[in-house]
Amino acid sequence: MRGVAALDCRSNGRCKDKLPYLGSRATQRAEEAAAGSMISVHHSSSIAMPMQLLRPRVTPAGLNNPPKAEAVAVRRRPGPGPRACACLSLTVSDAELSSRGFAVRRTAEGIDVAALNEVFARVGFPRRQEERLRRALQHSRVVWLEAAGDRRPVAFARAAGDGVFNAVVWDVVVEPSCQGLGLGRAVMERLVQDLRRDGVANIVLYAEPRVVGFYKLLDFAMDPDGIRGMAYYRSANSSSAAATSL
């Protein structure tokens, strides 16, 4: 996933002339130092790098200044409902994004799937079959930013789950030519806010080591309570070995 800059996207859906970062300078420096180039939470079904399970950390009720180490390592789950998302705030408002030429979209309706696939390719993701990608979007909670009213996404994030208890974040991307404005943070904050508003308390994602710092800025904690994430991965060699053992 990558940060983003604001600009004129009318000609080709990409950011050309970068505007100031949408947030505090301190936050911008922290994001740049922690995240470097912000790719996505998951590249493909072939796991080429170690990935870590992260969950959003929440300060326990009544505890104003928890020890920092504990806050990172421990995740407390608040009860579902509106109170659960009362503490969630946005770094930049929808109105501010609009003033910079970005429209916030919270459904996949109208999204240019081919353009989204192009963004995936430009950040190093594998291209998806468009029909399968459309089906995935139909079954996902989606937040994306549109520039210049052309239905081309410049920032995108989605989550899939049961809609009640659990959700997994996928495909967090920002158009490479639109990095440095905090648009990646903008879509992630809104995605988490929407999930929490639905009462979903357990939100997880897979992150490459180089982007863990970015997600920590969004209150995700790595391996909370000692829980380790695992992904099903079966190579051709392991399949052959299993067949032989049978």
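V192 is buried in this predicted model, and its relative accessible area is just 10%. You'll find V192 in helix α6, which covers residues 183-197. What does V192 touch once residues up to four places away in sequence are set aside? It touches L88, I203 and F220. Here's a nice example of folding on paper versus folding in space: V192 and V143 sit 49 residues apart in sequence, yet their C-alpha atoms are 9.7 Å apart.

One of those partners, I203, leads us to strand β6. This strand runs over residues 202-207, and six of its six residues are buried, so the rest of the structure largely encloses it. In a regular strand, side chains alternate between the two faces of the sheet. You can see which way each one goes in β6: N202, V204 and Y206 point one way, while I203, L205 and A207 point the other way. Strand β6 also has a pairing partner, strand β5 (residues 166-174), and the two run in the parallel sense over four bridges. If you want a spot to look at, find V168, which stands opposite V204 in β6.

V168 turns up again around R158, a residue of strand β4 (residues 153-161). Is R158 buried or exposed? With a relative accessible area of 11%, R158 is buried, because anything under 20% counts that way. Its side chain makes a polar contact with the side chain of D171, at 2.8 Å. Beyond its neighbours within four places in sequence, R158 is in contact with a list of residues including A136, L137, V168, W170, D171 and L191.

Now for a pair of helices. Two packed helices are described by the angle between their axes and the distance between the axes. Helix α4 (residues 113-122) and helix α5 (residues 130-138) pack at about 100 degrees, with axes 10 Å apart. That angle makes α4 roughly perpendicular to α5. On the α4 side, V113, A114, L116, N117 and F120 do the meeting, and on the α5 side E130, L133, R134 and L137. Sorted by type, the residues of this contact are six nonpolar, one polar and two charged.

Helix α4 has more to show. Its buried residues are V113, A115, L116, N117, V119 and F120, and these pack against α5, β4 and β5. At the N-terminal end, D112 acts as a cap on α4, with a side-chain oxygen 3.2 Å from the backbone nitrogen of A114. Just after α4 comes G124, whose phi is positive, at about 100 degrees.

Two residues other than glycine have a positive phi as well. Here they are side by side:

| Residue | Phi | Where | Relative accessible area |
|---|---|---|---|
| R151 | near 65 degrees | loop between β3 (141-147) and β4 | 36%, partly exposed |
| D219 | near 70 degrees | loop between α7 (212-217) and β7 (220-222) | 36%, partly exposed |

Finally, let's step back to the whole chain. How many helices and strands does the protein chain have? There are eight helices and seven strands. The chain has 246 residues, and 43% of them count as buried. Looking at contacts between residues at least 6 apart in sequence, 74% join residues at least 24 apart.

Methods: Residues are numbered from 1 along each chain as its sequence is written. This is a predicted model: local features need pLDDT of at least 70, side-chain atom pairs count only at pLDDT 80 or more; totals for chains, interfaces and linings use all residues. Side-chain values use heavy atoms; hydrogens and water are left out. Buried means under 20% relative accessible area, exposed over 50%, partly exposed in between (1.4 Å probe, protein chains only). A polar contact is a pair of N or O atoms within 3.5 Å; within protein, one must be able to donate a hydrogen and the other to accept it, and residues adjacent in sequence count only if both atoms are side-chain atoms. Contact means heavy atoms within 4.5 Å. Axes are lines fitted to C-alpha atoms, for helices over the stretch in contact, and angles run from 0 to 180 degrees between N-to-C directions. Angles under 35 degrees count as roughly parallel, over 145 as roughly antiparallel, 65 to 115 as roughly perpendicular and the rest as oblique. Ala, Val, Leu, Ile, Met, Phe, Trp, Tyr, Cys and Pro count as nonpolar, Asp, Glu, Lys and Arg as charged, and the others, Gly among them, as polar. Two strands pair if DSSP finds at least two bridges between them.
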